[in-house]
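Please open the structure in a viewer and keep the selection panel at hand. The tour proceeds by selections, each followed by an account of what is found there.

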Amino acid sequence: MKHFRHGVASGDPLPDAVVIWTRVTPTRAALPGSGKGPRVRVRWQVSTSPRFTRVVRRGTFATGAGRDHTVKLDVTGLQPATTYYYRFGYHRQWSRIGRTRTAPAPGSAPANLRFGVVSCANLQAGWFAAYRGLAARNDLDAVIHLGDYLYEYAPGQYGMGNADVDVRRHVPARETVTLADYRRRHAQYKQDRDLAALHARHPVIVTWDDHEVTNDAWAGGAENHDTGERSWARRRRHAHQAYDEWMPVRMSGTARLDGKQLYRRLAFGELAELTMLDLRTYRSQQVATPSPAVGDPGRTIAGREQLDWLKDGLSPDRPLWRLVGNPVMIAPVTFGALPQRLQAAVNQVTGIVPDGGAAYNTDQWDGYTADRRELFEHIADQGVRDVVFLTGDIHSAWACDLPLDPATYPVMGTTAGVEFVCASVTSNNLKDITNTPPRTSSVAVENVLKTANRHVKHLDFDSHGFSVLDLTPARAQMDWYVIGSRADRDTAITWSASWATDAGTGRVRRAKGPVA
Amino acid sequence: MNTPFERGLADLRTGRRTLLKAGAAGLAISAASGVLSPGRAAAGPARRCYVLVIDGTRPEELDLGVTPNLTALRDGGLRFPRAQSLPVMETIPNHVMMMTGVRPIISGVPANSIYDRALGEVRDLDRETDIRVTTLLEQLRAAGHSTGTVLSKDYLYGVFGGRATYRWEPFPTLPVTEHSPDVVTVQALLAMVRDHDPAFVFANLGDIDRFGHADLTGGSLRVNRNAALADTDAQVGLFLDHLRRSGKWASSMVIVLADHSMDWSHPDRVVSLAGRFAADPLLAGRVQIADNGGADLCYWTGSPGDRAAAVAAMSSIARATPGVLEVHQPRDLSLGANAGDLVVYCKAGWRFSDPTPVANPIPGNHGHPATKPIPFFVAGGARGLPTGVSSASVTTMDVAPTVAAFFGIGAPATGWQGRALISRGASQG
């Protein structure tokens, strides 16, 4: 029997360490979420050669049903900015070979860094061609996943387009609620061919958004959680446990499954530092409709402790590019007169336009403006430049300046940084909801939005795909690549748009073409 | 001798410096005593370095499209986007850090304005004796390189005094003023370089800062500020043209940076601590404040035995004051005893006005952390100079070691805290 059915993965690269991951299936009964199977030891090797002619680190790892037979360890003692290969062994089988790469050394000055950027991969809504595109690249230091790595829905609940067509059906065939449910859902996603290829090819740096637990989660509950699904605390604990078991991530700085804290920081020499946020675990409940409560200082999206930690990391003394892995949009978005006929569809994708046409998506930073104001004031007070928010969640591509004051921005142009938002891997966008061809009905909405929000420079409501973020000391550039039909496993991938920000400017500009 | 220019005039009257023949525009340059034949050698120096401080410029202002000469010079050289001014982000201390390579705790110059305990008054640090260490100007002269200063502000002229081989003397042609316009300053720079060709010149162009301070549209349109940017850029263009046409460019390194950035406050965003301190029974009448725009330096003048309690009280009151960003012990900022007992920073968009709420009426200010980012780049035609964009963290303190590396000289006995941004080997081609 095949013992390694869920691929291999690596993540959270440090200059001298990286997390490697797999799951072993030691017996036929030891299926994900089953709670069955013996405790076993799995061998692991790390080499500088894909043929493992020079193994630099090796060992064994004990796993069992208590951790769903996942294997996750922090390999230390590695060299910085170095490509490594790794594999796992059980009985007489080896896993597929994974490739990973450590971060540059502290104090070093890399000429370049390049990251894949993705979010929002709903398996039922289509094939993960975007992951295929990233897996095919040889030029990435890591892939940043901004959340909604998986979805909780049952078959028929959230599929492709307005009709919710399931291109593929979720396993288990119900909404995930229990620990076993979440484990099985993770296992299903890990068996996707394209996602497995991505994991085997690049280290990932992940954070979660809401769907890793359930829709529109907040500290005390979620839109998609009800009392029939037992306690919220229990459900979230189980979802987080499965996440820790199945993802190559350090929680509370450890790969030992004993951590709780997902937000963390990774440095890449003097060129960049990446702060990954958790904007679900500590946030106040969303306000249902726009109201003065969005600005209530008693409400928070980040939580006091995380917000202070975030501010500490946004300092002129830190590496040049201060990247923030930001699960939900931080750019303020207000509306002009949106065509009435499109309001419902726009709102279904973005949540931006509640009935009555007010101007907030209360699930994003727009619903927690006190936190945003405090953060942006900190950036201005400390003279912090070159802050780049990397965002997912909203199933569309955006390039925005981040106005310190939206009212004076058109005159002054003063910003707190910029924001690049990647499109979704598969989750529905505006054209999917309106069931119209690309670049038809959405164009009017995009133009209305850009007119009403002068800091929004690029907006594509129609595309799915991935992004590539390229960093040099001179500029940060985001390239958007788009896929064809989500229903076509082998759909073509093409470059769509590129936007950049030059060091020191705090403004985005259109770039001529992709970096590679 | 109350003003720096009056002290400079005394230097000439007493023979400490010699007034040389004025340049074509009637600009006067003096030479240090002992420089009996100040005329340039036939071939001129083998290597030349010019440090141009575009006072108070924000780094992003070189991307507004109004500074073609500076922007082109930056893009053709080695640029440092992470460059920062150092505390206190004011003109005098950062110029001193450029020329000494050390922080104020060593140089003795922590701010523009301090409370001088010996004199019992608040004063500018504008005296030659205020700098306690060997400067780059003295090091270069000792190594046989001629030097020059072209400083547009009276307190800079004063604090660097007679250290340079050649010094522009603004007062014969200008009324006693605090600042000369860049159009005059650059003419002086050109006259010095044409007539005396020092190997090293340290120049300050003050217009962008001065117009920034006074720009009442600074919080919105920045009309005057942007006009100053364009004008200063044109003046720098004249200087660069001279270097290229005269052939000096091929042996030159040009370092361009600002001493600090600039922030604009709103009329209703003023912090005045003096009144709040005066309302405290312990502090009343026993605190002096040196207002440095975006930073207040607070000095306890009461009994030494009460100092700890007084500093705690000042700190508590300052922290509770709207518009205050941070409170620091001077030692935590490497500022030294001259900076007093407490340093208080304001938030972006605010300013201090002490001792009274109307004492500081100008909208543009610096000194607080919002004004740390500065433009900083190294350019020139000398062989071996690096180009590109660097992710390194650099500060004003790195100027002295960089210039020294260019000329192949080492650190003074008091050492450097900054570091060279070019390698000695590379700079020698």
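The stops below lead from the whole complex to single strands, a helix and one loop residue.

**The model as a whole**

The coordinates come from a predicted model. For the complex, the predictor gives an ipTM of 0.93 and a pTM of 0.94. Colour chain B by confidence: its mean pLDDT is 91, and 92% of its residues reach 70 or more. Where pLDDT is low, the predicted coordinates should not be read in detail.

**Chain B in outline**

Select chain B alone and display it as a cartoon. Its secondary structure comes to 13 helices and 20 strands. The radius of gyration of chain B is 21 Å, close to the 22 Å that the globule rule gives for 429 residues, so the chain is as compact as a globular protein of that length. Along its principal axes, the C-alpha trace of chain B spans about 70 × 50 × 40 Å. Of the 429 residues of this chain, 59% count as buried. Among the contacts in chain B between residues at least 6 apart in sequence, 75% join residues at least 24 apart.

**The sheet of chain B**

Next, select the strands of the open sheet in chain B. In which order do its 10 strands lie? The order is S1-S2-S8-S7-S9-S3-S10-S19-S4-S20, and the pairing is mixed. At the edges are strand S1 (17–19) and strand S20 (388–389) of chain B, each of which pairs on one side only. From S1(B), move to strand S2 (residues 28–32) of chain B: three bridges join these two strands, which run antiparallel. Within that pairing, Arg17(B) has Ala32(B) in S2(B) as its bridge partner. Then add helix H2 (residues 68–75) of chain B, which packs on the sheet and touches strand S4 (78–79), strand S10 (252–257) and strand S19 (376–379) of chain B. The direction of this helix makes about 115 degrees with that of S10(B).

**Where the two chains meet**

Restore chain A and select the residues of each chain that touch the other. The contact takes 23 residues from chain A and 22 residues from chain B. On the side of chain B that touches chain A, the residues divide into 10 nonpolar, seven polar and five charged.

**The sheet of chain A**

Hide chain B and turn to the open sheet of chain A. Its 10 strands follow the order S5-S2-S1-S11-S10-S9-S21-S22-S23-S24, with mixed pairing. Strand S5 (70–75) and strand S24 (508–510) of chain A are the edge strands, each pairing on one side only. Direction ignored, neighbouring strands of this sheet are turned by 30 degrees against each other on average.

Select strand S21 (residues 465–471) and strand S22 (residues 475–483) of chain A together. They pair in the antiparallel sense over seven bridges, and they form a hairpin with three residues between them. Two facing pairs can be labelled here: Val468(A) stands opposite Asp479(A) in S22(A), and Asp470(A) has Gln477(A) as its bridge partner.

Now add strand S23 (residues 493–502) of chain A, which pairs with S22(A) in the antiparallel sense over nine bridges. Asp479(A) stands opposite Ser498(A) in S23(A). S22(A) itself is mostly covered, with eight of its nine residues buried.

**An enclosed helix**

Select helix H3 (residues 193–201) of chain A. Why is it described as largely enclosed by the rest of the structure? Seven of its nine residues are buried, so the surroundings largely enclose it. The buried residues of H3(A) are Asp194(A), Leu195(A), Ala196(A), Leu198(A), His199(A), Ala200(A) and Arg201(A). Among the elements covering them are strand S1 (8–11), strand S8 (98–101), helix H1 (129–135) and helix H2 (179–190) of chain A.

**Two of the neighbours**

From that set, select S8(A). Gly98(A) and Thr100(A) form its covered face, while Arg99(A) and Arg101(A) form the uncovered one. Four bridges join S8(A) to strand S6 (residues 83–90) of chain A, and the two run antiparallel. Thr83(A) stands opposite Arg101(A) in this pairing.

Finally, select Ala136(A), in the loop between H1 and S10 of chain A. Is this residue buried or exposed? Ala136(A) counts as exposed, because it has 12 C-beta neighbours inside 10 Å. The C-alpha atoms of Ala136(A) and Cys120(A) are separated by 20 Å, the two residues being 16 apart along the chain.

Key: Residues are numbered from 1 along each chain as its sequence is written. Chains are lettered from A and ligands numbered from 1 in the order in which they are written. This is a predicted model: local features need pLDDT of at least 70, side-chain atom pairs count only at pLDDT 80 or more; totals for chains, interfaces and linings use all residues. Two residues are in contact if their C-beta atoms, placed from the backbone, lie within 7 Å. Ala, Val, Leu, Ile, Met, Phe, Trp, Tyr, Cys and Pro count as nonpolar, Asp, Glu, Lys and Arg as charged, and the others, Gly among them, as polar. Two strands pair if DSSP finds at least two bridges between them. Axes are lines fitted to C-alpha atoms, for helices over the stretch in contact, and angles run from 0 to 180 degrees between N-to-C directions. A residue is buried if 20 or more other C-beta atoms lie within 10 Å of its own, exposed if 12 or fewer, and partly exposed in between; C-beta atoms are placed from the backbone. The radius of gyration is taken over C-alpha atoms; the globule rule is 2.2 Å times the number of residues to the power 0.38. pLDDT is the predictor's confidence in each residue, from 0 to 100.
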